[in-house]
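Good morning, everyone, and thank you for making time for this. I would like to walk you through one structure, going slowly enough that we can look at each part together.

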Amino acid sequence: MSILGKTLGSGLAVAATFAATAAAATLAVGSTSLSAGSTSVPACGISSLTATRTVDNSGNVTRVSVAGIPTACSGETLSVTLAGAANASLGGGSATIGGCAATCSASLASFGGTVSAASVTKYSFGVTGA
Amino acid sequence: MTKAIKALAKRRTLFAVVLALTIFGTVYGFAASLNVGANALSAGNAAVASCQASGTPTGTYALTYDSTIPGYKVTGVTVTGMDPGCNGKTVSVTLTGAANASLASGSAVYSSAGASTTVAIGALSANPNATSLTGVSVAVNG
């Protein structure tokens, strides 16, 4: 092979090497799994509730009954807190909403302690899905 | 004499070719090195899979009375309906209110041990008034 041929061959090899080096690398990519979604938090139709309390001879609350709950709330959990001065909690508990006909009801007989009926100034309600 | 001229012309041509290749190679070599060093680029594609093949993750809420509201605030979220295929994945929950504004968020790792399909998120970034809650977003990632 002539000197010119050898030189041209070497030049082409060098150029090819630089071209290969300059090319962008193809990266093997993986991904962890991802699932996502959003939804509204529905209410079961309660606009207001009324509670009736039962008091023993000592003046303590023994039961709180809540009636007139929409049937859409059937099976959900009703939380009730008995509040006194400055909205402080005096006791509370939760019960499953049931006894449904035209409306549903729920009652609590345990409040985490003795609650004097005279001290109760307010009821707070919360309903969460089962 | 003619032979000598021909030989000289051949050597000049050869020298010119070698010089051109050397300059080209040097410049091209510098450019390639610069690209790799300063503008490295790698690219590829991969599918994003979902582990939730069946079931609908559904949020249920833990309520705690707060006299400062006064009323109930949300102190925890339990997500039910998890697909066991998501075992070990992180479940993130965001509670939203009016205008889809974020009210609170939290996350926990789901475990399917014991055939469980629930994951409890007990630590939220905030405990919003339950009456303010209008939406929930759930993401399973990992």
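Let me begin with chain B, where buried residues make up 23% of the 142 residues; please keep in mind throughout that what you see is a predicted model. The secondary structure of this chain comes to one helix and seven strands, and if you read along the sequence you meet the helix and then the strands, in the pattern α-β-β-β-β-β-β-β. Of the contacts in chain B with a separation of 6 or more, 61% are between residues 24 or more positions apart.

Now to the strands themselves. Three strands of chain B form an open sheet, in the order β2-β3-β6, and their pairing is antiparallel. The edge strands are β2 (58-66) and β6 (119-121) of chain B, each of which pairs on one side only. On average, and ignoring direction, neighbouring strands of this sheet are turned by 30° against each other. As a general reminder, strands of a sheet pair through backbone hydrogen bonds, and they may do so in parallel or antiparallel fashion. Here, β2(B) and β3(B), the latter covering residues 71-80, run antiparallel and are joined by nine bridges. If you would like one place to look, find Gly59(B), which stands opposite Val79(B) in β3(B).

Val79(B) also brings us to the next topic, since it is among the residues with the most contacts inside the largest nonpolar core, a group of 24 residues. Val74(B), Val91(B), Val93(B), Leu95(B) and Val119(B) are the others named for having the most contacts there. Which strands supply this core? At least two residues each come from β2, β3, β4 (90-96), β5 (102-109), β6 and β7 (135-141) of chain B, and β3(B) gives the most, with four residues.

Let us stay with Val74(B) for a moment and ask what it is in contact with, leaving aside its neighbours within four places in sequence. The list includes Tyr61(B), Leu63(B), Leu95(B) and Ala104(B), and it continues with Asn127(B), Pro128(B), Ala130(B) and Leu133(B).

A second, separate core has 18 residues, including Ile69(A), Cys104(A), Leu108(A) and Val115(A), and with those names we turn to chain A. The secondary structure of chain A comes to one helix and eight strands, which run α-β-β-β-β-β-β-β-β from the N terminus on. Buried residues make up 20% of its 130 residues, and residues 24 or more positions apart account for 60% of the contacts in chain A with a separation of 6 or more.

Terms used
Residues numbered from 1 in each chain as written. Chains lettered and ligands numbered in written order. Predicted model: local features only at pLDDT ≥ 70, side-chain atom pairs only at ≥ 80, totals over all residues. Buried ≥ 20, exposed ≤ 12 C-beta atoms within 10 Å, placed from the backbone. Contact = placed C-beta atoms within 7 Å. Pairing = 2+ DSSP bridges. Axes fitted to C-alpha atoms, helices over the stretch in contact; angles between N-to-C directions. Core = buried A, V, L, I, M, F, W, Y, C linked by C-beta atoms within 7 Å.
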